[in-house]
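Before turning to the details, please look over the sequence and the fold together. The points below concern empty space inside the protein and the packing around it.

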Amino acid sequence: MHTNHRAKPLALIVTGLIGLSGPALAAVGEQEAAQLGKDLTPVGAERAGNKDGSIPKWEGGLPKGKHKLGDARVDPFAADKPLYSIDASNVDKYKDKLSAGQIELIKTRKGYRMDVYPTHRSCGYPDSVYGQTKINATTAKLTSDGKDNLAQAVGGGFPFAVPKNGAEAVWNHRLRWQGEGRFEFYQTNFINPDGSFYGLAQDQVVITPFASPKAKSIDEVGGVQMKLLNLATAPASRTGEIILAHYFLGKSNDAWMYFPGQRRVRRLPAFEYDNPIPGYENLETADQYPMFSGALDRYDWKLVGKQEMIVPYNSFKFVAKRPAKEVYEGMYPKRDLMRYEVHRVWKVEATVKQGMRHMFSKRTFYLDEDTWMILAADQYDAQGKLWRVMEASLYPAVELGACVSQEFMSWDLTVNRYMAENSTQEAKHTDWLAGQEGRIDAKRFESDELRRAGDR
């Protein structure tokens, strides 16, 4: 595994951080935080490019701009051509820049390839995110009780731009900034071994109270990270099902489900850890959505270090509007639509704690340094065998002034199936500004509203 070594003074900061695990530590000091916006970007990535020039210097990302809801997104990199392709014939040449899961897919899925394009560091954030991230750098803390809950932070920014352990890095993913709320419309596709699939179409409203820069403390938002309200709209056998979920920063999630056939609302007994998501054919656990969410307390989290990796990036072609059948072919999405680039990522390993249980005994996550989004993840069974392989998408939403991620895939190697989650290609466009512009009613996210929603 290749790990980058940075020039001083940045190297002095990172050297003491790599490989730390165990009890949560306090926020960084003023000297370390002062690197944000200098040698480090305002959210903690290395500003400089790499030695061979394949990763350029970060210049702020694509600027915020206007985008009319409903219009096709403009791909600023559409003219790029692949630099090279990776397939079963040459995968060993690039293994140092690939995850175990990526290598497995290339070697075992006939015709699977990764087209690697020029790298564009297109992701930046609004100034408010930078400001809140700077505050958090010296004040944010995790609990010291071994549960790795978020104990202290301000909203609207990343909590740990200079992470000291794996748990802090993963919290950056959990609190990645994608606006304060959105209306999204998507389909979850369940693909069979023969390549056939059916889709579960869903309309979803998401509100993220702690994404607001006005949130000065966790208590101010009632400890809530995110609330989502999900309505199934197809097929007919599932139409009208509603899931309401509350994700918290310091306690277990809450979730309820409305069953239209029974006209009843039921509280889901457990909507976290490895409990299966209802109706998802045992292909996704609660904490796999999206890529990872929920409590961290069942794992020991190790920050392995930085490496250069080939990951999905600037996924404009993949998320563009077209029929789902033109995207999801056979045992993987159509290769001509996928774009990969070389980026630096943080590698984090999660290992089940002694005395705890989880169906995944070990998990490896790869977090993009410019966004803290998990772009690839591998899950292992109790015998240490690779079980599920995950891959995300990422692109800049210029109207938000930030990069976002919706589509992600999860391959279950034991049953030879995969699931394409949050697939927006043939659905209405996501309204990323709904939260900021006041189009979301926070009252909709309470359990007593579920029955009313089902009756409408």
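The numbered points that follow take up the cavities, then a pocket, then the nonpolar cores.

1. Please keep in mind throughout that this is a predicted model. Totals for linings use all residues, whereas side-chain atom pairs count only at pLDDT 80 or more.

2. How many cavities of 30 Å³ or more does a search of the whole structure find? The search finds five, and the largest of these cavities has a volume of about 390 Å³. The lining of the largest cavity is made up of 34 residues, and those nearest its centre are R174, R176, Q178, R182 and M226.

3. As to where that lining comes from, at least two residues each are supplied by α5 (166–174), β5 (181–191), β6 (197–207) and β7 (224–234), and it is β7 that provides the largest share, with three residues. Sorted by class, the lining of the largest cavity holds 16 nonpolar and 13 polar residues, together with five charged ones.

4. The second largest cavity has a volume of about 180 Å³, and 19 residues line it, with Q202, N230, I243, I277 and Y280 lying nearest its centre. Two or more residues of this lining come from each of β6, β7 and β8 (242–248). Its residues divide into 13 nonpolar, three polar and three charged. A reader may wish to note that β6 and β7 are named for the largest cavity and again for the second largest cavity.

5. The second largest pocket deserves a separate look, with about 300 Å³ of space in it. Of the 18 residues that line this pocket, R73, V319, A320, K321 and H429 lie nearest its centre. Which helix gives the most to the lining of the second largest pocket? That is helix α6 (residues 316–319), which contributes three residues. The lining of the second largest pocket includes seven nonpolar residues, five polar ones and six charged ones.

6. Turning from empty space to packing, it is a general tendency in soluble globular proteins that nonpolar side chains are buried together. Here the largest nonpolar core has 112 residues, of which I86, L98, Y125, L150, F210 and W301 touch the most other members. Another core, of 13 residues, lies apart from the largest one, and V205, I207, L229 and I242 are among its members.

Conventions
Residues numbered from 1 in each chain as written. Predicted model: local features only at pLDDT ≥ 70, side-chain atom pairs only at ≥ 80, totals over all residues. Heavy atoms only, no water. 1 Å grid on protein atoms, 1.4 Å probe; cavity = no way out; pocket = protein on both sides within 12 Å on 5 of 7 lines; lining within 4 Å. Points joined across faces, edges and corners; volume = space filled by probe spheres on them. Helix = DSSP H or I, 4+ residues; strand = E, 2+ residues; numbered from the N terminus. Nonpolar A, V, L, I, M, F, W, Y, C, P; charged D, E, K, R; others polar. Core = buried A, V, L, I, M, F, W, Y, C linked by side-chain atoms within 4.5 Å. Buried < 20%, exposed > 50% of the residue type's maximum accessible area, 1.4 Å probe, protein only.
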